[in-house]
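Here is a friendly walk through one protein model, with a look at its spaces, its buried side chains and a few backbone details. Please keep the view open beside the text as you read.

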Amino acid sequence: MKKELSGGCGIAILGFSLLLIICGIIAVFDMRAEGDAADGALGLLIFVAMLLPLIYWGYGLLYKSQHPDEPVKLTKNVKHYGGGALAALAIFALWAALTGNPAEKEAKPITEIAQEPNEPKDSVVITEVMEGDPYQELDELIGLESVKEEVHTLANFAKIQQQRKAQGLKVPKMSFHLVFTGSPGTGKTTVARIVARIYKDLGILKSGHTVETDRSGLVAEYVGQTATKTNAVIDSALNGVLFIDEAYALVPENAGSDYGQEAISTLLKRMEDDRDKLVVIIAGYPDEMKRFIDSNPGLQSRFTRYINFPDYSDKELFDIFKLYLDKNQYNITDDAAELLKNNLSYVVANKTKNFGNARYVRNIFERAVEQQANRLSAKRSISDEELSLLIKEDIENVFKARK
């Protein structure tokens, strides 16, 4: 009975050790796909070295069950097969480390940040009219040349029509409602605020404030409440612009009966009833917005002017980063700037539909500032120059922190 117990314990320990080694090998394969195989292979070898006493213990128990009166010794078969297994494991680790594609390892965190979900926001945000020249602010936006041209054309047309009306000439019926199409972070909300101020400047709107919302700000959870909720938001937008982001969510695909239709019906009625004091701008991805507009003839007749917002180039994204630096009194070293440029080029070349554009750059800036704070926090005396300078280490750590 004692022999059987000793042998069973030895087999269990050896089996458990083998299972741990197999799991380690599988983990290295997974890490290899992510570009982290070098670290994984080294970790596996250290782990196996730590397991050797456990393996020897299990072997000793098994050996004692077969040779109770002899001291434990390694047999020729154990030396042969055990040595071969260790050599094979070392060769596997070397192969995994050499073929793990370290270049992808460095690039991966960038993609993770780039594709992260949009940050949560309030369902209704009211932006009051700011001081300053809206036309100048439009022209100073980075990139978006086609958008600027479209807005200037719209403003010029509205201005001339207002003059014709003032001089008693006939004015063709025109709609000031707009459809903004484009990816997240391409400036749609910013331009909507500028357009509201331009409309005020032209006398189209009295206030020129902006009420920003989405499906959650218009659609209620229970029957009969959506119209009340939508009307309340529209009331707050009168004499200004109602900006509905991701408006296509009001008509979900394959949703059947949905409260979003009640919100649309309420909106269309108010656009007609309050046509002289309400402008609506809806925004979202191009394909989804086309599906949304095509879902209702009332939407098709009221939204006839489209402005597309292109994604930013890597150069424009770097210019946006520099804008954040200037506004917040920061500088960046040349090698840090070069690293960031290379990363921006990579992420633009490998972006997905959810790429955040300017939001992505803002995230990079905020995290770089956090990494600078971590770097400087241990110092007793910090100069103004150090407080204002981002270095290569800060940019590198932004991406390492996302692993």
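Let us begin with the largest cavity, whose lining residues divide into two nonpolar, three polar and three charged. In this scheme Ala, Val, Leu, Ile, Met, Phe, Trp, Tyr, Cys and Pro count as nonpolar, Asp, Glu, Lys and Arg as charged, and the others, Gly among them, as polar. The lining is made of Thr 127, Glu 128, Val 129, Met 130, Arg 193, Arg 197, Gly 208 and Thr 210. The volume of the largest cavity is about 50 Å³, and the structure holds one cavity of 30 Å³ or more. On a 1 Å grid over the protein atoms alone, a cavity is a set of points where a 1.4 Å probe fits but cannot get out, while a pocket is an open set with protein on both sides within 12 Å along at least five of seven lines; lining residues have an atom within 4 Å of a point. Grid points are joined across faces, edges and corners, and a volume is the space filled by probe spheres set on the points.

A word on the basis of all this: the model is predicted, so local features need pLDDT of at least 70 and side-chain atom pairs count only at pLDDT 80 or more, whereas totals for chains, interfaces and linings use all residues. Residues are numbered from 1 along each chain as its sequence is written, and side-chain values use heavy atoms, with hydrogens and water left out.

**The chain as a whole**

The chain has 17 helices and eight strands; helices (H or I, at least four residues) and strands (E, at least two) are DSSP runs, numbered from the N terminus. Of its 403 residues, 40% are buried, where buried means under 20% relative accessible area, exposed over 50%, and partly exposed in between (1.4 Å probe, protein chains only). About 22400 Å² of the chain is exposed, and carbon and sulfur atoms supply 56% of that area. Among contacts (heavy atoms within 4.5 Å) between residues at least 6 apart in sequence, 77% join residues at least 24 apart.

The mean pLDDT, which is the predictor's confidence in each residue from 0 to 100, is 83 for the chain, and 80% of the residues reach 70 or more. Over residues 102–120 the pLDDT is below 50, although this stretch has 44 contacts in the model beyond near neighbours in sequence. Where pLDDT is low, predicted coordinates should not be read in detail.

**The second largest pocket and helix 6**

The second largest pocket holds about 770 Å³ of space. Its lining has 23 residues, and Met 174, Ser 175, Phe 176, Arg 275 and Asp 276 lie nearest the centre. By type, the lining comprises nine nonpolar, seven polar and seven charged residues. At least two lining residues come from each of helix 6 (145–166), helix 10 (260–273), strand 5 (278–284) and helix 12 (297–302). Helix 6 gives the largest share, three residues.

Two polar or charged side chains of this helix are worth a visit. Lys 148 is found in helix 6 and is buried, with a relative accessible area of 7%. Leaving aside neighbours within four places in sequence, Lys 148 is in contact with Leu 138, Asp 139, Leu 141 and Gly 143. Gln 161 also lies in helix 6 and counts as buried at 9% relative accessibility. Beyond residues up to four places away in sequence, Gln 161 touches Val 171, Pro 172 and Met 174.

**Partners from afar**

Which residue lies 6.8 Å from Phe 365, C-alpha to C-alpha? That residue is Phe 321, 44 residues away along the chain. Phe 365 sits in helix 15 (residues 358–376) and is buried at 7% relative accessible area. Its contacts, not counting residues up to four places away, are Phe 321, Tyr 324, Leu 325, Asn 328 and Tyr 330.

Asn 308 belongs to strand 6 (residues 306–309) and is partly exposed, at 43%. Asn 308 and Val 147 are 161 residues apart in sequence, yet 6.9 Å apart between C-alpha atoms.

**Positive phi in two loops**

Most residues other than glycine have a negative phi. These two have a positive value:

| Residue | Phi | Loop | Relative accessible area |
|---|---|---|---|
| Asn 239 | near 70° | between helix 9 (226–237) and strand 4 (240–244) | 24%, partly exposed |
| Gln 329 | near 60° | between helix 13 (314–327) and strand 7 (331–332) | 67%, exposed |

Methods: Accessible areas come from the Shrake-Rupley method with a 1.4 Å probe; for residues, only the protein chains shown count as cover.
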